Number of protein chains: 4
Amino acid sequence: MPVRVAVNGFGTIGKRVADAISKQPDMVLVGVAKTRPSFEARIAMEREYPLYVGGDGRLEDFRAAGLTVAGTTDEMLRQADVVVDATPDKAGREHAAKYAAANLKAVYQGGEKPDVAELSFSALANYEAALGKSRVRVVSCNTTGIVRAASVLRARYGVERWDVTLIRRAADPAETRKGPVNAILPTFQFPSHHAPDAQTIFPDLPITTTAVVVPTTLMHLHVNHVQLRRPPASVSDVLDAFRETPRFQIFRSWEHVEGTPQVLEYARDHLSPRGDMMMNVLWEDGVHLQGAELRFFQAIHQESIVVPENIDAIRAMFNLAPDAASSIAVTDMALGIRQ
Amino acid sequence: MPVRVAVNGFGTIGKRVADAISKQPDMVLVGVAKTRPSFEARIAMEREYPLYVGGDGRLEDFRAAGLTVAGTTDEMLRQADVVVDATPDKAGREHAAKYAAANLKAVYQGGEKPDVAELSFSALANYEAALGKSRVRVVSCNTTGIVRAASVLRARYGVERWDVTLIRRAADPAETRKGPVNAILPTFQFPSHHAPDAQTIFPDLPITTTAVVVPTTLMHLHVNHVQLRRPPASVSDVLDAFRETPRFQIFRSWEHVEGTPQVLEYARDHLSPRGDMMMNVLWEDGVHLQGAELRFFQAIHQESIVVPENIDAIRAMFNLAPDAASSIAVTDMALGIRQ
Amino acid sequence: MPVRVAVNGFGTIGKRVADAISKQPDMVLVGVAKTRPSFEARIAMEREYPLYVGGDGRLEDFRAAGLTVAGTTDEMLRQADVVVDATPDKAGREHAAKYAAANLKAVYQGGEKPDVAELSFSALANYEAALGKSRVRVVSCNTTGIVRAASVLRARYGVERWDVTLIRRAADPAETRKGPVNAILPTFQFPSHHAPDAQTIFPDLPITTTAVVVPTTLMHLHVNHVQLRRPPASVSDVLDAFRETPRFQIFRSWEHVEGTPQVLEYARDHLSPRGDMMMNVLWEDGVHLQGAELRFFQAIHQESIVVPENIDAIRAMFNLAPDAASSIAVTDMALGIRQ
Amino acid sequence: MPVRVAVNGFGTIGKRVADAISKQPDMVLVGVAKTRPSFEARIAMEREYPLYVGGDGRLEDFRAAGLTVAGTTDEMLRQADVVVDATPDKAGREHAAKYAAANLKAVYQGGEKPDVAELSFSALANYEAALGKSRVRVVSCNTTGIVRAASVLRARYGVERWDVTLIRRAADPAETRKGPVNAILPTFQFPSHHAPDAQTIFPDLPITTTAVVVPTTLMHLHVNHVQLRRPPASVSDVLDAFRETPRFQIFRSWEHVEGTPQVLEYARDHLSPRGDMMMNVLWEDGVHLQGAELRFFQAIHQESIVVPENIDAIRAMFNLAPDAASSIAVTDMALGIRQ
């Protein structure tokens with residue numbers, strides 16, 4: 001019997017997770033909760049997702065908009081085995097008691113503090129540790145990007161030291177209230193929160209992170225500088241390591257992918273739903289090796305990269321797949337993720 | 001027997017037209033021509049579109065990239081009944097002699113001057129005039145947006161006078177060499193080229209257009225001020241006029257579509273391929289009526305709005321459908337265009 | 001004896017007004033009030049402006065920063081004959097009682113509702129009406145731009161009808177929290193608030209305004225379409241009308257001013273303090289005339305255009321100059337405003 | 001007798017250098033050369049700089065614009081002891097023969113290759129090496145920023161290893177043809193050209209640089225990671241080292257300078273001509289020290305930072321000051337550069 005999943009929150013992450021669940025062979029979407037009518041709510045209805053009124057939303061607002069509502073969040077939760085909390089940052093924690101009372105497992109997002117859950121999660125890194133767990137936190141987009149790359153480099157070469165400069169997008173495409181319009185904004189926290197967040201998964205990862213915000217909406221870009229323990233034979237060897245791992249897309253020189261816009265143009269041309277890019281993106285031309293010192297750029301699509309991780313988290317929590325490889329294979333097949 | 005269509009040029013328009021043709025029941029795509037290897041070329045190959053080397057492209061570049069090439073543009077043209085020329089602005093004209101020599105019909109884009117073809121075209125406006133024609137020019141994105149709206153307003157109310165301020169996007173999403181980064185740039189040509197271009201289709205349309213360029217990549221926005229001949233009964237009557245016409249999307253207040261980003265977020269959520277929006281977009285809240293004086297905003301997706309028009313043009317040129325309504329019905333069904 | 005002026009609020013407008021007052025022969029700056037330490041506060045101190053702690057600011061914060069503070073806002077107000085309220089929108093009204101209790105005249109900004117004052121003001125339009133008044137509101141930047149142009153066109157040609165599309169900058173250069181980054185946002189209020197605001201000065205002005213927000217920080221751009229009562233003899237006649245009026249800058253074709261960035265580059269090169277442009281900016285190439293139908297672009301520098309208006313308002317309120325021309329002459333000489 | 005200086009090229013750098021020269025006690029500006037009429041040419045004329053027609057410019061174009069022209073570039077060069085070549089990148093080299101023939105010393109900009117001159121120059125680093133030289137190249141804005149910081153850190157602590165991620169502005173404020181509008185573009189050259197350029201001045205500097213372009217016009221931001229040879233006593237010690245050196249501006253926490261926009265707002269408020277910031281900008285909050293490992297952000301104003309360096313270069317070439325400290329003192333006093 002498929003695992004019954006509720007999605008609480010239907011914004012950037014929630015709507016993608018809902019779609020992803022509806023495509024999995026071993027899961028069923030019992031509903032999504034949203035606080036106010038919107039085009040997203042209309043699409044949920046058209047897609048026949050049971051739509052519940054969440055937060056401080058009002059049933060009459062949905063009715064006035066002609067949207068069919070199945071009930072309240074509490075009613076949704078009663079249908080479910082697990083809830084994916086995709087409510088805004090920090091709100092997830094407030095729901096924890098309710099989820100526990102309903103005897104539900106819960107998946108939280110990276111905007112919550114780590115102690116909201118039993119463990120922080122990224123499929124390539126620690127799938128097995130999540131087997132049977134009740135509360136799992138999927139780390140945020142940038143951390144997911146780092147941890148995926150760390151999974152490859154640690155295993156193959158060992159990491160002596162890692163420095164990342166994160167050049168962060170200012171806002172998501174449809175967030176029109178956030179700026180800046182014309183600025184570079186350094187983050188004066190050092191290291192930025194990404195290094196300790198990556199260490200919730202790899203406690204001994206010798207990583208430091210520095211962050212800067214720039215006026216673009218498309219993707220983050222990471223500038224990586226890694227001192228490896230064992231020198232790779234060649235750049236090709238490094239590229240092979242990434243290519244052999246799921247969830248890495250590596251562009252070749254002749255593909256003329258100059259930066260983040262062409263990455264997403266590729267995703268659109270590929271007919272990826274919503275033009276999403278759920279893989280870490282690297283460039284052959286953007287990997288440089290000198291002895292054991294590796295430098296590479298990687299681009300991270302903030303809107304979608306954690307989506308498959310949420311799916312794998314559920315699969316681990318219900319023992320639906322014994323290891324990362326088998327869960328990822330099912331998830332990526334269902335979501336059309338491939339190089 | 002389906003009409004055999006070749007697409008010369010595989011950029012923003014060409015790749016979309018190729019996909020659109022491959023979905024039509026009465027057309028077959030015989031190939032696409034591209035000048036250099038790129039991720040777009042790879043996707044063409046993966047989609048099993050016969051790939052030809054166009055322009056000054058070199059076969060060995062494609063081979064070095066591991067791309068299978070079917071031949072040269074001339075070889076492609078020999079397979080076709082009609083060619084859609086989607087090469088860069090002004091280049092289409094240079095190909096006209098070659099197309100004529102190959103005894104091919106040809107569809108040109110709005111970047112060419114009107115006299116490249118027998119008529120300028122927009123399906124709602126003058127489909128019947130294109131029946132059986134050999135050379136048809138689909139007007140550009142902004143003009144298509146204006147002419148579609150004019151088709152509705154002229155027929156229902158008559159147009160006494162029309163003023164449009166076009167707020168134009170600076171570059172397409174993947175055009176990273178074009179600016180400006182932070183500016184508003186007025187166009188000192190008055191009227192801008194859009195008014196005379198709309199008059200290639202409606203010669204007596206009393207329209208003036210003023211254009212400004214702003215630093216965004218998503219859509220154009222038109223600010224319309226129309227003096228109608230016959231006053232509409234109400235705003236609702238105007239909205240109904242648009243709603244009853246294909247290729248208009250009207251957002252309601254409760255859908256919370258604040259501007260161009262949410263329009264495209266809707267298109268992404270709707271799983272429109274590439275996140276495209278091939279309809280003129282209006283807002284209920286953005287239509288204002290005072291007597292016979294109508295004001296409305298409309299947003300135009302520069303990358304995709306002309307795609308269904310190219311399809312309808314071909315259908316008219318080969319008498320595959322007797323009138324606009326029947327061609328549009330087939331096109332829009334195939335492309336998934338619906339409100 | 002010079003009029004003693006206090007400036008409450010030391011943001012974008014307040015700091016410019018303070019500088020402007022300090023340059024007038026008939027006014028003296030008794031102090032500026034600021035709520036928190038910042039580089040602006042440091043500059044006020046370096047410029048030897050008496051610095052007072054305003055709003056909910058705390059004296060100890062200023063002391064910790066090493067900034068010398070002269071006292072509280074109340075103490076500042078006791079030194080003054082008039083206060084310029086440059087606190088954030090809507091906050092001015094809350095201070096009105098305090099100003100009245102202190103027996104102070106007050107100048108408010110356009111973010112306040114009109115009834116905060118005895119009249120709304122723009123020097124070219126209604127200087128004389130403000131003579132001897134106690135509470136005057138200087139209209140906002142966009143309205144100032146419109147009213148200045150209206151002052152010219154009404155007097156010389158009469159205005160039958162005026163339509164403005166305002167293309168608004170998203171944020172000021174140093175406002176880094178506001179967006180959008182990549183969007184065009186229509187304003188669904190029709191007319192936008194600018195038309196009624198212009199009518200607080202010219203009640204019979206037959207104007208309608210439509211507004212759109214775009215991602216730039218530099219200036220607003222107005223697209224004007226005016227039906228005049230009496231047809232101008234020529235475009236030159238119109239240009240002359242503007243040139244003969246203070247506070248209009250008209251760029252010639254050979255100056256290569258393509259848009260808002262070059263306008264401000266000109267202001268910087270001109271060594272205008274802060275790179276400000278306190279004049280309405282027009283382009284010879286951007287004025288078009290057909291009979292009595294006039295179209296023109298004008299650019300408005302949101303940060304500075306109201307500054308000389310604040311000065312003239314004070315001069316009128318204290319009968320320091322008998323008419324607009326003589327006040328403007330003094331203001332503009334002191335501020336270095338000239339074509 | 002003052003050194004007679006000609007400025008060839010009157011763009012972003014040239015116009016600033018011309019102004020700077022006109023303020024020096026020991027130099028006189030004999031003229032500026034420009035190729036076409038523009039508002040910049042008008043300002044040169046208003047400022048009474050002799051204006052010469054440069055490049056392929058045509059005298060009649062200037063006359064048609066009402067601009068007074070003193071002659072051709074060759075005539076200008078005959079008046080001079082030294083020419084500052086501020087023509088576009090790579091054009092300077094083409095003028096070298098002409099300068100030599102005129103028996104002129106020449107200062108080149110960083111867009112030229114190093115071998116155009118006898119040495120590459122940055123005042124804090126190698127003033128003395130330029131004494132009496134005939135051809136000197138002032139390194140580009142980013143390199144100047146790096147070399148200044150290196151001058152401080154090398155002398156005080158020694159540099160074991162230095163890694164810089166340069167986050168580059170896409171275009172200058174008035175360059176409206178360059179993009180991108182919405183993108184992050186990695187530079188696939190590693191190291192970027194900045195590291196070898198810094199080594200034209202400090203050949204043994206163990207530096208690597210990585211560059212990324214982002215859509216902003218204001219300043220570059222450098223993310224620095226330096227392994228020092230001798231650990232500083234504290235962050236304060238590092239800050240003191242910078243504060244004691246000319247041409248460093250360090251912002252304190254309470255000044256609320258969040259990023260590049262507030263840096264330039266400070267410069268505007270400071271009434272720096274054109275709102276320029278000719279110092280390297282650091283933040284107290286943006287310096288982090290762990291043992292001998294130093295991290296700091298610095299912002300670099302691409303339009304103006306090399307201007308004082310051009311002045312110092314001339315002073316060295318003519319032995320007008322014996323050492324860096326005395327030249328910098330004069331330059332900075334004349335230009336109003338101070339923390």
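Which rotation, and what shift along its axis, superposes chain D on chain A? In this predicted model, the answer is a turn of 180° with 0.0 Å of shift along the axis, and the resulting RMSD is 0.0 Å. Chain B behaves in a like manner when laid on chain A: a turn of 180° and a shift of 0.0 Å along the axis give an RMSD of 0.0 Å. Chains A and B are thus related as by a two-fold rotation axis.

The interfaces can be read alongside these superpositions. Of the interface residues of chain B, 100% are also interface residues in chain A, so these copies meet through the same surface. For chain D the share is again 100% relative to chain A, so here too the copies meet through the same surface.

Attention turns next to the interior. In soluble globular proteins, nonpolar side chains tend to be buried together. The largest nonpolar core of the model holds 449 residues, and those with the most contacts inside it are Val5(A), Val5(B), Val5(C) and Val5(D). Helix α7 of chain B, residues 141-157, supplies the largest share of this core, with 7 residues. The surroundings of Val5(B) can be followed residue by residue: apart from neighbours within four places in sequence, Val5(B) contacts Ile21(B), Met27(B), Val28(B), Leu29(B) and Val30(B), together with Ala80(B), Val82(B), Val84(B) and Ile314(B).

Chain C offers a helix to inspect in the same spirit. Helix α1 of chain C spans residues 12-22, and 10 of its 11 residues are buried, so this helix is largely enclosed by the rest of the structure. The buried set includes Lys15(C), Arg16(C) and Asp19(C), as well as Ile13(C), Val17(C) and Ile21(C).

Chain C also contains an open sheet of 7 strands with mixed pairing, in the order β10-β11-β9-β12-β15-β14-β13. Strands β10 (185-186) and β13 (248-251) of chain C stand at the edges with a single partner strand each, so one side of each is left without a neighbour in the sheet. Within the sheet, β14 (residues 280-290) and β15 (residues 293-300) of chain C pair in the antiparallel sense over 6 bridges. One bridge joins Gln290(C) to its partner Glu293(C) in β15(C). Helix α9 of chain C, residues 235-243, lies across β13, β14 and β15 of that chain and runs at about 155° to β14(C).

Note on methods. Residues numbered from 1 in each chain as written. Chains lettered and ligands numbered in written order. Predicted model: local features only at pLDDT ≥ 70, side-chain atom pairs only at ≥ 80, totals over all residues. Buried ≥ 20, exposed ≤ 12 C-beta atoms within 10 Å, placed from the backbone. Helix = DSSP H or I, 4+ residues; strand = E, 2+ residues; numbered from the N terminus. Least-squares fit on C-alpha atoms with pLDDT ≥ 70 in both. Contact = placed C-beta atoms within 7 Å. Core = buried A, V, L, I, M, F, W, Y, C linked by C-beta atoms within 7 Å. Pairing = 2+ DSSP bridges. Axes fitted to C-alpha atoms, helices over the stretch in contact; angles between N-to-C directions.
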